[in-house]
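Visitor: Please walk me through this fold, taking its core and its charged pairs in turn.

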Amino acid sequence: MDHSGHGMDMNMDLPPFTLGRGLEFSFDAFFLIGSLAGLALYGWGVLRLRRRGDAWPPGRTTAFTAGVLTVVLVMCTKLNDYGMVMFSVHMVQHMVISMITPILLLLGAPVTLALRALPPAARGHKGPRELLLALLHSRYMRVITHPAFTIPMFIASLYALYFTPLFDFLMESRTGHIAMMVHFLAVGLIFFWPIMGIDPGPHRPGYVMRMLELFAGMPFHAFFGIALMMASEPMIRTYANPPASLDIDPLLDQQWGGGIAWAFSEIPSVLVLIALVYQWYRSEQRAAKRSDRAEDRNGDKELEAYNSYLASLQARGQ
C-alpha cells in the first residue's frame, strides 16, 4: 500500500511503541499551523476585549487552549506516525480529536468571543462579524446542528468509515488522512455544540432533550468498540500487516483499539453530563434572580402607588 507524502517509509522502521516515544514531537504543518493560528486569533479576541475594559472568563480561555493542545498532542507528535501503522494508536487520535477536543473548544465559546471582539461593519456593508451572524442564522446551520443530522452523522462516522473501503482509501495519502481527522473534529463539534456549547446556535433545546441527544448516539459508539474487540480477524486492511519492527499482533492491537473506542463512549459522556447539570443549575439561578428582581420592581411600584394614594388622601383632608 502506497502512503506517499505521509512518510510511510520512515514509519516502516518505527521501533515498538512506548508512551515516551509516542509523545516525541513530530512536525505536521497542517495541524501545527492551524493550532497556532487558532490560539493567536483567540488571544487577539481576548486582548481586544480587555483593552476596551470588557471581561472574559479565564476558564473559557483555559478550556479553549487545552482543546487546541489536545490537537497538537495527537497530531504533532509521534502518535501521528504510530497511528498510521497501529490501529490502537489511531483510535486514540480519533477519540481525542472527535470527543475531547470539541468539548474543550466549545467550552471556550470561540463564536461568542468573535461576535464580541469583531468590530461592526459600516452601515450598508458586511464585514466578518456580519458574515458570521448570517452563517449562524442560516438554513445550513439549522440543518447541520439538528439532532436528525448530528446523531446519524456521529454514528456513520464510525460504521460507514471503518467497515467500508473508504477508510483504506483515505489512509493511502497524507491528504486523505488530514481530511479524515478534520472530519472527525467537525463531526464532534456539530454533535456537542447544541448539547453543551456556550455559543449561540440555531438549535438549542431544553436541558432534558439535550441529555437525550447526548445518550442517543453513545450505545452505537459502545457497540462499535465491542464489535472490534470480539472480531476473530483484523477487520481493517490498513492495519492487517503491521511492520515487523513494531512486534505487535494486529488482532490484539485491534482489540485494544476497540477497548479504547468503548471506553471513550463513557468518559466524555460523563464529562458532558456534568457540564450540562452545571449549566442547568446556573440557568435556574439566573432565572430565579430575574424573577426576584421583577418581584422587587413590582413591589416598589405597589409601594409608590400606595404612598401616592395616602398623599392624595392627606391633600383632600387639608
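The following exchange goes from the overall fold to the nonpolar core and then to the salt bridges.

Guide: This is a predicted model, in which local features need pLDDT of at least 70 and side-chain atom pairs count only at pLDDT 80 or more, while totals for chains, interfaces and linings use all residues. Residues are numbered from 1 along each chain as its sequence is written, and side-chain values use heavy atoms, with hydrogens and water left out.

Visitor: How many helices and how many strands are there in the protein chain?

Guide: Helices (H or I, at least four residues) and strands (E, at least two) are DSSP runs, numbered from the N terminus. Counted in this way, the protein chain has 15 helices and 0 strands.

Visitor: Among contacts between residues at least 6 apart in sequence, what share joins residues at least 24 apart?

Guide: A contact here means heavy atoms within 4.5 Å. Among the contacts in the protein chain that link residues at least 6 apart in sequence, the share joining residues at least 24 apart is 78%.

Visitor: Which helix gives the most to the largest nonpolar core?

Guide: A nonpolar core is a set of buried Ala, Val, Leu, Ile, Met, Phe, Trp, Tyr and Cys residues joined through side-chain atoms within 4.5 Å, where buried means under 20% relative accessible area, exposed over 50% and partly exposed in between (1.4 Å probe, protein chains only). The largest such core has 71 residues, and those with the most contacts inside it are Met91, Tyr162 and Phe192. With 12 residues, the helix that gives the most to this core is α12 (residues 174-196).

Visitor: Which residues does Tyr162 touch, not counting residues up to four places away in sequence?

Guide: Tyr162 is one of the residues with the most contacts inside the largest core. With residues up to four places away in sequence left aside, its partners are Phe87, His90, Met91, His94, Ser157, Phe167, Phe184, Phe224 and Ile236.

Visitor: Asp28 forms a salt bridge with which residue?

Guide: A salt bridge is a side-chain nitrogen of Lys or Arg within 4 Å of a carboxyl oxygen of Asp or Glu, and the structure holds 5 of them. Asp28 is buried, with a relative accessible area of 5%, and the closest N and O atoms of its pair are 3.6 Å apart. Asp28 lies in the loop between α2 (19-22) and α3 (29-51) and its partner in helix α12, so the pair ties together parts that are 146 residues apart in sequence. That partner, partly exposed at 27% relative accessibility, is Arg174.
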